[in-house]
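Work through the exercises below with the sequence and the model side by side, and try each task before reading its solution.

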Number of protein chains: 2
Amino acid sequence: MLMHLNFNSGQPAYLQVVDQIKTAAASGSLQAGEILPGIRPLAEQLRINRNTVAKAYAELESQGIIETQPGKGCFLIKNHSPFTREVRRKILREEIDALLVKAHHLQVEKEELLNLVNERLAAFGKKTGSHGTPASNPA
Amino acid sequence: MLMHLNFNSGQPAYLQVVDQIKTAAASGSLQAGEILPGIRPLAEQLRINRNTVAKAYAELESQGIIETQPGKGCFLIKNHSPFTREVRRKILREEIDALLVKAHHLQVEKEELLNLVNERLAAFGKKTGSHGTPASNPA
DNA sequence: TTTACTGTCTTATGACAATATGACAGTTAA
DNA sequence: TTAACTGTCATATTGTCATAAGACAGTAAA
């Protein structure tokens, strides 16, 4: 569970923690049932306030991604989505639409977009176990 | 150029304007070279302050999507991305990675995701000319 | 020039976001 | 019980965001 923060990114520290944990879970480098780093140790390592980490964990818990066992710690949950299949598909459709708008404004055509999606899917499948993005992003 | 705002969405008014114009451009219902609604008329129609619309237009201009001709109005630009092809691909890869993380947490598998992407691509191709999402999103 | 339309800038204000400190409560093991 | 660890809550501070009002500047046509 390597993590590091970019304080110049403009993105709040607690959201960077949220994203990195979600990405680790999605790429398989963090397994269901596994315990997360303690709030205080992680805060010390990242050199941020413990409540900033606590806020990240609270956000993950509110999203149903982790659970906390009082006095013990926080753990990654297995199948956490509380939504029905159709609701989950609807949410994802909206995300996809947003992606298509971005692709259009980046002048990336349909074929190329599909290639990129397949490329990234393959990268995810590899589970590099690294921090951040699952496989490094060719510049 | 139909638009309407949802004041309960939590999303700022000016960003809703930005998104709707970008979506209109991406779906073809707003054509390159076309003039946008004036700041004051649009603000009146949406019942928001003119500066809120101005902020949306400023954001679109900073993204290189529209240009303003002083005294005349704002116009949609054709090929606006100032980035090289590889930079554009890199940006999109990061967006795609974010989508894949979301899909994972929504427990939507690879095959199903690809189906959804194709479904939305087809919907975009149809250019409904409507506001908001290009083709209505089956609930 | 005048009028009426474009967008722009400056400044203000209210709300909220991000972070920080201190006191607190549950769990485990010595 | 005590000590050391877990996470939590209440609260305060700081800064930024979203929105708004007024004055301003460029353009076009009468």
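The exercises that follow deal with a DNA strand, an alanine and two cysteines.

This is a predicted model, in which local features need pLDDT of at least 70 and side-chain atom pairs count only at pLDDT 80 or more, while totals for chains, interfaces and linings use all residues. Residues are numbered from 1 along each chain as its sequence is written, chains are lettered from A and ligands numbered from 1 in the order in which they are written, and side-chain values use heavy atoms, without hydrogens and water.

**Exercise 1.** Find which residues come nearest to DNA strand D.

Solution. Count a residue as near if one of its heavy atoms lies within 4 Å of the strand. Of the 24 residues around DNA strand D, the nearest are Arg40(A), Arg50(B), Asn51(B), Pro70(B) and Lys72(B). Next, look at Arg50(B), where an N or O atom of the side chain is 2.6 Å from a base nitrogen of DNA strand D. A polar side-chain atom of Thr52(B), by contrast, lies 3.1 Å from a phosphate oxygen of DNA strand D.

**Exercise 2.** Place Ala54(B) and decide whether this residue is buried or exposed, or in between.

Solution. Ala54(B) belongs to helix α3 (residues 50–62) of chain B, a helix being a DSSP run of H or I with at least four residues, numbered from the N terminus. Buried means under 20% relative accessible area, exposed over 50%, and partly exposed in between (1.4 Å probe, protein chains only). Ala54(B) is partly exposed because its relative accessibility is 25%.

**Exercise 3.** State how many disulfides there are over all chains.

Solution. A disulfide is a pair of cysteine sulfur atoms within 2.5 Å, and the count over all chains is zero. Cys74(A) is buried, because its relative accessibility is 11%, and Cys74(B) is buried with a relative accessible area of 11%.

Conventions. Helix = DSSP H or I, 4+ residues; strand = E, 2+ residues; numbered from the N terminus. Polar contact = N/O pair within 3.5 Å; in protein donor to acceptor, adjacent residues only side chain to side chain.
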